[in-house]
Each structure stands twice: as structure tokens, then as C-alpha cells.
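Open the model in your viewer and keep the sequence panel in view. The stops below say what to select and what is found there.

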Amino acid sequence: MAQESDASNVVSVAIGRWAVAASPSRLRTLLGSCVGVVLHDRAAKLGGLAHVVLPDSRGAVEHPGKYADTAIPALIAELEQAMRGKAAGRLVAKLAGGASMFQVGATSTTAPAAKNIGRMNQEAVEAILASLRIPILGRDLGGDGGRNLMFDPASGRVQIRSPGGGEREI
């Protein structure tokens, strides 16, 4: 689902994809209105990243990494496989992205209000994680600009870099 990019063991997770990695590999992605869902097991020093594009698959089975309701279960299934079924109750989450990059829908006074895809992605991801009882330990969500996300499964650190906004950790 992902592509290893260089000799420093950095795996790039493309839009609508997910990946699982252990130390010394790290995962990275570029986010706008999409939400990056990082799931991590501290004890196993293993984690994964899903690059969620839209909130709901509406039953579509192709491209499971694209939608919150299919990408998160797919990521958890791959983590379960890597951890030989020991992921339940051990995963924690960190979220980034969900910016208001695009407005969808009409904005006239006679049409429904424009939809904010970034916010819809955030709400869908948070609702799914809550239903699975996976605690969210960090968030860098919203705004109107893109972000670069780098996740280190060894430490659980998620570094966020915004163009012109510096670097921060969640």
C-alpha cells in the first residue's frame, strides 16, 4: 500500500493508502483536507498511518484506504496481523490534517451551506476511533493549509511541518 522512498527507511504513504512500519522505518505523508490517522502500539514499537480522503465509503469496496470507515479497519487488521492478534486495547491514535482546502456544494442563499470536507473527515475519524475505544493522544487538525506528517514507530513521535509554520510535535 505504500512506497519505500530512500535508504533512510522512510516510507511515503500516498493519498488513499495506508502502511504499517516498525523501527527503524518511519512513515510520512502530505495532508490537506485529508486526515492522517496514526495508530501506535508503544510496547511493540509498531504503528501505522492511513491517509483518509473522504469520510464515508457509502458501501463502496474498491479503494478501502480512501474512506475513514474502511481505511481505519484495514489499518487495524494489518496491525493485528503484524502483532499476531495482540493489538486490541493497546493502540493509541494521533491525528493531523483536515484543513479546509476545498468547499463542496453551492454557497448561495437558496442552496445548502457549503460542506467542509476537512471537518467532515475529522468528525468521521474521531467517531470511528471513539466507537473502537482507541484514545486520541494528539491532534493537529483544521486550519486552511497543508501539512507534512512524519511518524516514528519506535518512539510514537509525530512531527508536523506546515509551509511557513515551522515544525511541531503531537
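Which residue stands opposite Phe151 of E11? Select Phe151, and the residue standing opposite is Leu27. Keep in mind throughout that this is a predicted model.

**The whole chain**

Show the protein chain as a cartoon: 2 helices and 13 strands are there. The chain has 170 residues, and buried residues make up 44% of them. Among contacts with a separation of 6 or more, 59% are between residues 24 or more positions apart.

**Strands E4, E11 and E12**

Stay with the pair from the opening and select E4, residues 26-31. E4 runs antiparallel to E11, and 5 bridges join the two. Show side chains on E4, and an alternation appears: Leu27, Thr29 and Leu31 point to one face and are buried. Arg26, Arg28 and Leu30 point to the other face and are not buried.

Next select E11, residues 147-152. Its side chains alternate as well, with Arg147, Leu149 and Phe151 buried on one face. On the other face of E11 are Asn148, Met150 and Asp152, which are not buried. To see one rung between E4 and E11, pick Thr29, whose bridge partner in E11 is Leu149.

Add E12, residues 157-162. E11 and E12 pair in the antiparallel sense over 5 bridges. Phe151 returns here, with Val158 as its bridge partner in E12. The hairpin of E11 and E12 has 4 residues between the strands. Select Gly156 in this hairpin to find a positive phi near 80°.

Now go back to E4 and add strand E2, residues 10-12. E2 and E4 run parallel, joined by 3 bridges. Val10 has Arg26 of E4 as its bridge partner.

**The largest pocket**

Which strands each supply at least two residues of the lining of the largest pocket? They are E4, E11 and E12, so keep them on screen while you add the rest of the lining. The full selection is Ser12, Val13, Arg28, Thr29, Leu30, Asn148, Leu149, Met150, Gln159, Ile160, Arg161 and Glu167. Colour these residues by type, and they divide into 5 nonpolar, 4 polar and 3 charged. The volume of this pocket is about 200 Å³.

**The five-stranded sheet**

Hide the pocket and select E3, E6, E5, E7 and E10, in that order. These 5 strands form an open sheet with mixed pairing. E3 (18-22) and E10 (136-141) are the edge strands, and each pairs on one side only. From one strand to the next, the twist averages 15°.

Inside this sheet, pick E5 (residues 35-41) and E7 (residues 92-97). They run antiparallel and are joined by 6 bridges. For one example, select Leu39 and its bridge partner in E7, Ala93.

**The two helices**

Add helix H1, residues 68-82. H1 lies across E3, E5 and E6 (46-52), and runs at about 160° to E6.

Then add helix H2, residues 117-131, which packs on the sheet and touches E5, E6, E7 and E10. The direction of H2 makes about 25° with that of E5.

Select Ala127 within H2. Is Ala127 buried or partly exposed? Ala127 counts as partly exposed because its relative accessibility is 46%, and the range for that class lies between 20% and 50%. Draw a distance from the C-alpha of Ala127 to that of Ala68: it is 9.8 Å, with the two residues 59 apart along the chain.

**Last stop: Arg42**

Select Arg42 in the loop between E5 and E6. Why does Arg42 count as exposed? Its relative accessibility is 54%, and exposed means over 50%. Leaving aside neighbours within four places in sequence, Arg42 is in contact with Val92 and Leu137. Finish with a second C-alpha distance, from Arg42 to Arg90: these residues are 48 apart along the chain and are separated by 7.9 Å.

How values were computed
Residues numbered from 1 in each chain as written. Predicted model: local features only at pLDDT ≥ 70, side-chain atom pairs only at ≥ 80, totals over all residues. Heavy atoms only, no water. 1 Å grid on protein atoms, 1.4 Å probe; cavity = no way out; pocket = protein on both sides within 12 Å on 5 of 7 lines; lining within 4 Å. Points joined across faces, edges and corners; volume = space filled by probe spheres on them. Nonpolar A, V, L, I, M, F, W, Y, C, P; charged D, E, K, R; others polar. Pairing = 2+ DSSP bridges. Axes fitted to C-alpha atoms, helices over the stretch in contact; angles between N-to-C directions. Contact = heavy atoms within 4.5 Å. Buried < 20%, exposed > 50% of the residue type's maximum accessible area, 1.4 Å probe, protein only.
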